[in-house]
Amino acid sequence: MQRKIILIGELILDKNFFIRSQGKAAEFNSPKNILLKKELNLGGAGMVYNALTKISKNVEFFSITNHEIQNKIIKNLKKNILFDINYKLEKNRYWEEKKMIMQLNHTRLPRKSVKNFQNFLIKKIKSEKNGGNIIFSDYRNGIFDKEHTKKIIKILKSKNNIIFVDQQSTTKKPDLLKFKNADYLILNEYEFRKAFKKYKINNLNFENSLKVLRKKIGINNFIIKMGKKGSSYFTEGTFVKVKAYKTAKNLNTIGAGDFFLAKFATLEKKTIRDKLYEANKFAYKKISNKIKIKSIRI
């Protein structure tokens, strides 16, 4: 029987506005556009959830979002989501002829709202049964603060769960010490190198640097996503590298890392090499449009 999958992370609302140019506005001599349609996609940890539902029916997603979408998403998804009138985490993307011409982010993350979610999550986690696979999808918007994260890990580890951590640190310094005692850390190569710099690991050899980082942050297993170069696994005394499933030019890589994460964290009774291969393959299927994500009309 497959282990239960629990995903914890920030749900980002990706609102897509499809427009067509129609000359200029008379009043301001500026471009004028016609709105053709509006769609909503679940981004951030929501993309990981979409990937997980392609693999398993035994998935629960814990998150927080604005109340405005409460009636737009399916019942199974909303049962563990806290809907908050004051919380907002969304990206408004404007598309013209399949090209994104602008992105407008709208973020409002009140401390009280985040704290309410953290208390809600702890209560829910305490009631969960033992022996699941847990995914932390940290988009750096506040729900994984140091005190709360340590508390959650302690509860989950006492229940014989396996914890996978993915942190988006492209535009911020890594914050990994709070994930001590998690089982797997899954980052791309650039993010690992940022962690070396953050924690003052100056060894020029990548594998030796991973060894130092492993001891410093207290996570035993590292997965390195390397895009077109494939992926790797590192633990004490073991380094495994697997080539990309396929490479192709001009593919939209949005969601590749999320699909890799979802597949890797759900594979059981396979070797590390096989897990990396299958995760690479699943990510490729996403970016080559062989796996479709349903949009929600708004």
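Ala, Val, Leu, Ile, Met, Phe, Trp, Tyr, Cys and Pro are counted here as nonpolar, Asp, Glu, Lys and Arg as charged, and the others, Gly among them, as polar. By these classes, the lining of the second largest pocket holds eight nonpolar, six polar and eight charged residues. The model is predicted.

The second largest pocket has a volume of about 750 Å³. It is lined by 22 residues. Closest to its centre are Asn41, Trp95, Asn252, Lys286 and Asn289. Four elements, β2, β3, β6 and α8, each give two or more residues to this lining.

The largest pocket holds about 1200 Å³ of space. Its lining has 43 residues, and those closest to the centre are Gln168, Thr253, Gly255, Ala256 and Gly257. Strands β2 (11-25), β3 (30-44), β6 (88-96) and β7 (99-108) each supply two or more lining residues. Helices α7 (256-266) and α8 (272-287) do so too. By class, the lining of the largest pocket comprises 15 nonpolar, 17 polar and eleven charged residues.

Helix α3 was examined next. It covers residues 111-126, 16 residues in total. From its first C-alpha to its last, α3 reaches 23 Å. The span expected at 1.5 Å a residue is 22 Å, and the value for α3 is close to it. Seven positions are listed as buried in α3: Ser113, Val114, Phe117, Gln118, Leu121, Ile122 and Ile125. An α-helix has 3.6 residues a turn, so residues three or four places apart point the same way. The buried residues of α3 pack against three strands, β1 (5-9), β4 (59-66) and β5 (81-84). They also pack against a helix, α4 (146-158).

Lysine 4 lies in the segment before β1. Its relative accessibility is 22%, so lysine 4 counts as partly exposed. Buried residues fall under 20%. Beyond its neighbours within four places in sequence, lysine 4 is in contact with Asn58, Glu60, Glu128, Gly131, Gly132 and Asn133. With one of these, glutamate 128, there is a polar contact between side chains, at 2.7 Å. Phenylalanine 282 stands 278 residues from lysine 4 along the chain. The C-alpha atoms of lysine 4 and phenylalanine 282 are separated by 20 Å.

Note on methods: Residues numbered from 1 in each chain as written. Predicted model: local features only at pLDDT ≥ 70, side-chain atom pairs only at ≥ 80, totals over all residues. Heavy atoms only, no water. Expected span 1.5 Å × (residues − 1). Buried < 20%, exposed > 50% of the residue type's maximum accessible area, 1.4 Å probe, protein only. Contact = heavy atoms within 4.5 Å. 1 Å grid on protein atoms, 1.4 Å probe; cavity = no way out; pocket = protein on both sides within 12 Å on 5 of 7 lines; lining within 4 Å. Points joined across faces, edges and corners; volume = space filled by probe spheres on them. Polar contact = N/O pair within 3.5 Å; in protein donor to acceptor, adjacent residues only side chain to side chain.
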